[in-house]
Amino acid sequence: MFKKFSLQETLSGQNPVKSSVVRGIRTKLCTSYPGIEPHIDLILPKKSNLVQLKCKDHITLFAVDNEIVFFQHFDLLVPTLTLLHSFPDILPRVQVDRGAIKFVLSGANIMCPGLTSPGAWLPEELAEDVVVAVMAEGKETALAVGVTKMTAKEMREVNKGIGVDLLQYLGDPLWKTQL
Amino acid sequence: MEQTEPAKKTVLYCAICTLPPEYCEFSASKKKCEQWLKETHPAEYERLYSDQAVTEKLAMTTLSEDKVAKEAAKMEKAVSKEEARMARELEKKMASKVLIKRVERNKRKCVTSVFGLDVFGVDLKKTAKAFANHFACGGSVSKNPQGLDEIVVQGDFSEEIMELIHKLHPEIPKENIAIVEDEKKSKKKPAA
Ligand SMILES: [Zn+2]
């Protein structure tokens, strides 16, 4: 999603978010991501200075203390990779094998074989359209944030095509964006 | 019952390629990354680059030996390419100048424009704001007639701005910053 992103070119407006709206976002985060709930007061305190950066292509970034912590695409609110690194357990995980790392780092969506091979790992149960942390064989920090395109069962059985759509990956333009 | 608050984890990032150091091996600047880690975080370096760690990584790779060699050659090429690119960029930087110019708007008022900072990787918007704060005046980024970005500060601050740039960005060589007089007077003053 951020393969060719440039904040300078796409930013259309920047404004602080009202505390009533912050409350709404907190609720949304907790219901979409049960893993965020225990950390919500650290991630987004009730009285935090949340800033909203509206960009083109229906993308909105949210920042606290000059750090981008979430991005929104249409209705989908996603934690950034930076936030995921600070709070590693907020998202369900999948793992790609070592061979897939360099493709992910160049922005490719993740194909099923990269998620089902011996070096990879998939949870027993995982639904479609779930935002996941993409881990990598032999690495401790997350490689990317993505969204599943089929269930874990289908990935194992079909083992073809895109299993996880990439939302953000290490080194992409959003990763490098500083406020 | 009160739960103990889970703490935020601090992650180390590579100062060269910005990734966590365990991913540096995939970066085109990996030699520099390795050097940086060795100098600044020896323990982490030991963990990632020790003989044992390297052997484990090799065991993970499912590619045939032939392919491994090919991959290595490819990587080598990418690395030397990246290094050449960096060298070229550095050369370009060293050759380019930051120009500070006083431009008269009318008899009493003038602005100071600063051109060329972006070549040195300086964030123009942030710097314009810093200038504005420092001199308590208006500062902005605007396009010059050539369509290139420059910082414009309200008032005559040529000397002060030069000092401020030295202070904020010591990485820019002093001899690359010059104060120029407005064309109308067509007199060039050497850098102080
Ligand atoms: Zn690095």
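Contact here means heavy atoms within 4.5 Å. On that basis, in this predicted model, helix α2 (residues 19-32) of chain A lies across β2, β3, β4 (67-73) and β5 of chain A. The helix runs at about 80° to β5(A).

The strands beneath this description belong to an open sheet of five strands in chain A, with the order β1-β2-β3-β4-β5 and antiparallel pairing. β1 (11-16) and β5 (76-79) of chain A stand at the edges with a single partner strand each, so one side of each has no neighbour in the sheet. From one strand to the next, the twist averages 25°. Within this sheet, strand β2 (residues 50-55) of chain A pairs with strand β3 (residues 59-64) of chain A in the antiparallel sense, over five bridges. A:Leu53 is placed opposite A:Leu61 in β3(A).

Chain A also contains an open sheet of five strands with the order β6-β8-β9-β10-β7, in which the pairing is mixed. Its edge strands are β6 (93-96) and β7 (110-111) of chain A, each of which pairs on one side only. Strand β9 (residues 144-148) and strand β10 (residues 162-169) of chain A run antiparallel and are joined by five bridges. A:Val147 has A:Asp165 as its bridge partner in β10(A). Helix α5 (residues 98-105) of chain A lies across β6, β7, β8 (131-136), β9 and β10 of chain A, and its direction is at about 55° to β10(A).

A:Ala127 is located in the loop between α6 (113-116) and β8 of chain A. The relative accessible area of A:Ala127 is 41%, and the residue is therefore partly exposed, given that the partly exposed class falls between 20% and 50%. Apart from neighbours within four places in sequence, A:Ala127 is in contact with A:Thr148, A:Met150 and A:Thr151. A:Thr151 is 24 residues from A:Ala127 along the chain, yet the C-alpha atoms of the two are separated by 4.5 Å.

In chain B, the zinc ion is coordinated by the SG atoms of B:Cys14, B:Cys17, B:Cys24 and B:Cys33, at 2.2 to 2.3 Å. Along the chain, the donors follow the spacing C-x2-C-x6-C-x8-C. The angles among the four donor atoms are 105 to 112°, and the site is tetrahedral. For four tetrahedral donors, the ideal angle at a metal is 109.5 degrees. Both B:Cys14 and B:Cys17 are buried.

Helix α1 (residues 30-40) of chain B packs with helix α2 (residues 42-49) of chain B at an angle of about 130°, and the axes are 6 Å apart. Angles over 145 degrees count as roughly antiparallel and those of 65 to 115 as roughly perpendicular, with 35 degrees as the bound for roughly parallel; α1(B) and α2(B) are therefore oblique to each other. On the side of α1(B), the residues that meet α2(B) are B:Glu34, B:Leu37, B:Lys38, B:Glu39 and B:Thr40. Their counterparts in α2(B) are B:Pro42, B:Glu44, B:Tyr45, B:Leu48 and B:Tyr49.

The strands of chain B are linked by a series of antiparallel pairings. Strand β1 (residues 98-104) of chain B is joined to β2(B) by six bridges, and the two run antiparallel. A hairpin connects β1(B) to β2(B) through five residues, and B:Ile100 stands opposite B:Val114 in β2(B). Strand β2 (residues 110-115) of chain B is mostly covered, with five of its six residues buried. β2(B) also pairs with β4(B) in the antiparallel sense, over five bridges, and the bridge partner of B:Val111 in β4(B) is B:Gln154.

Strand β4 (residues 149-154) of chain B is in turn joined by five bridges to strand β3 (residues 139-143) of chain B, and these strands run antiparallel. B:Lys143 stands opposite B:Asp149 in β4(B). β3(B) and β4(B) form a hairpin with five residues between them, and B:Gly147 in the turn has a positive phi of about 85°.

In helix α6 (residues 158-168) of chain B, the buried residues are B:Ser158, B:Ile161, B:Met162, B:Leu164, B:Ile165 and B:His166. The buried residues of α6(B) pack against β1, β2, α5 (124-135), β4 and β5 (177-180) of chain B.

Note on methods. Residues numbered from 1 in each chain as written. Chains lettered and ligands numbered in written order. Predicted model: local features only at pLDDT ≥ 70, side-chain atom pairs only at ≥ 80, totals over all residues. Heavy atoms only, no water. Donors = N, O, S within 2.8 Å, 3.2 Å for Na, K, Ca; no water. Tetrahedral: all angles 85-135°; square planar, octahedral: opposite > 155°, others 65-115°. Buried < 20%, exposed > 50% of the residue type's maximum accessible area, 1.4 Å probe, protein only. Pairing = 2+ DSSP bridges. Helix = DSSP H or I, 4+ residues; strand = E, 2+ residues; numbered from the N terminus. Axes fitted to C-alpha atoms, helices over the stretch in contact; angles between N-to-C directions.
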